[in-house]
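Got a few minutes for some hands-on reading of a fold? Have the coordinates open and try each task before you peek at the solution.

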Amino acid sequence: MSFEIKIKNTAILLMHCPDRKGIIADATEFLVKNLGNIIDLDEHVDPIEKHFFMRIEWELDNFLIPREKIADFFAVQIAAKYEMNWELYFSDRPVKMALFVSKMSHCLFDILARHQSCEWNVEIPLIISNHDDLKHIADQFNIPFYIFPINRENKQEMETKEIELLNKCSVDLVVLARYMQIVSPKLINKFANRIINIHHSFLPAFPGAKPYHSAYSRGVKIIGATSHYVTEELDAGPIIKQEVTHVTHRDNIDDLVRKGRDLEKIVLSRAIYEHIKRNVLVYKNKTIVFE
């Protein structure tokens, strides 16, 4: 049974800057004086970094500034004053999401089911793979499927073609749904903090005498399967979501595989949801995930 997602006519600002007095007051005054009705505001101050983070969402109905001018007005009136890093999004614009897969189908099926049931405001213009094993699934959901048989000799050439295809389809987000290839720096830099991976293990591992210090520096959410943004350092990107599952002495290998794949699906989908809802800010290889 499917349902139609209710699309809000709102704008979302994600911002961060060195902490100082007056940021919230000025940002909210900017919206209110232009008749913006604020429907959500969440902020956080890192007391160690002395850095301020905020997500604010407001209704565009009756807002005095045309949407194509909001960025310019905000940049001049607010962002410049506080030396902000900021991003502006509109909730009625669907995220264009490309899926990269190999041979395992569990994450792919879960994502496509959520898409088909209109659980997310996304478009999936294509699926990319290095094998043809999952083409029948793409056909079942009527999504174009492209095969790039990558090996050591042709990796650069294949990824160049992949990037051209992603650009042609105006892709916003890349999801590695158990894609069993290491992504090159060229693709990572093209989609910085816009490639989400799922790792079927506990990340990161913290050796040494100060594991809690290491965990803090990585922004760990929970011990368990990990979904994170992809960076050039393998499996060390900013963590978005983590979850845990339990096993007992009664579980055999098949049970562990089944439980692990269930967990991977859940954690990856939750990470995708946080990203497309514009709830995630990345700062120094850590994430702020607003609630």
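Below are five exercises on this predicted model, each with a worked solution.

**Exercise 1. Check whether the end-to-end distance of helix H8 agrees with its residue count, then look at its two ends.**

Step 1: H8 covers residues 253-276, which makes 24 residues. The expected span is 1.5 Å times one less than the number of residues, so H8 should span 34 Å.

Step 2: Compare that with the model. The end C-alpha atoms sit 35 Å apart, which agrees.

Step 3: Go to the N-terminal end. Asn252 acts as the cap there, with a side-chain oxygen 3.0 Å from the backbone nitrogen of Asp254.

Step 4: Now step off the other side. Just after H8, Arg278 adopts a positive phi of about 60°.

**Exercise 2. Work out the strand order of the open four-stranded sheet and find what packs on it.**

Step 1: Trace the order, which is E2-E3-E1-E4, with antiparallel pairing.

Step 2: Pick out the edges. E2 (37-46) and E4 (85-90) each have a single partner strand, so one side of each lacks a neighbour in the sheet. From one strand to the next, the twist averages 10°.

Step 3: Look at one pair in detail. E1 (residues 10-18) and E3 (residues 51-59) run antiparallel to each other over nine bridges; Cys17 stands opposite Phe52 in E3.

Step 4: Add the helices. H1 (residues 23-32) packs on the sheet and touches E1, E2 and E3, its direction making about 15° with that of E3. H2 (residues 67-82) also packs on the sheet, but touches E1, E3 and E4, and its direction makes about 160° with that of E4.

**Exercise 3. Say where Asn62 and Cys118 lie, and whether each is buried, partly exposed or exposed.**

Step 1: Recall the background: most residues other than glycine have a negative phi. Phi of Asn62 is near 75°, and that of Cys118 is about 60°, so both are worth a look.

Step 2: Place them. Asn62 belongs to the loop between E3 and H2, while Cys118 is in the loop between H3 (106-116) and E6 (122-123).

Step 3: Turn to accessibility. Asn62 has a relative accessible area of 64%, so Asn62 is exposed. Cys118 comes in at 28%, which makes Cys118 partly exposed.

**Exercise 4. Find which element gives the largest share of the largest nonpolar core.**

Step 1: Size up the core: it has 33 residues, and those with the most contacts inside it include Met97, Leu99, Ile127, Leu268 and Ile272.

Step 2: List the elements giving two or more residues; among them are E5 (95-101), H3, H4 (135-140), E10 (195-202) and H8.

Step 3: Pick the top contributor. H8 takes it with six residues. Leu268 and Ile272 are also among the buried residues of H8.

Step 4: Zoom in on Ile127. Beyond its neighbours within four places in sequence, its contacts include Leu99, Val101, Leu112, Ala138 and Phe145.

**Exercise 5. Decide whether Asn197 is buried or exposed, and list what touches it.**

Step 1: Locate Asn197, which is in strand E10.

Step 2: Apply the cut-off: buried means under 20% relative accessible area. Asn197 has 11%, so Asn197 is buried.

Step 3: Collect the partners. Not counting residues up to four places away in sequence, Asn197 touches Leu176, Thr226, Ser227, His228, Val230, Asp235 and Leu268.

Technical notes:
Residues are numbered from 1 along each chain as its sequence is written. This is a predicted model: local features need pLDDT of at least 70, side-chain atom pairs count only at pLDDT 80 or more; totals for chains, interfaces and linings use all residues. Side-chain values use heavy atoms; hydrogens and water are left out. Buried means under 20% relative accessible area, exposed over 50%, partly exposed in between (1.4 Å probe, protein chains only). A polar contact is a pair of N or O atoms within 3.5 Å; within protein, one must be able to donate a hydrogen and the other to accept it, and residues adjacent in sequence count only if both atoms are side-chain atoms. Two strands pair if DSSP finds at least two bridges between them. Axes are lines fitted to C-alpha atoms, for helices over the stretch in contact, and angles run from 0 to 180 degrees between N-to-C directions. Contact means heavy atoms within 4.5 Å. A nonpolar core is a set of buried Ala, Val, Leu, Ile, Met, Phe, Trp, Tyr and Cys residues joined through side-chain atoms within 4.5 Å.
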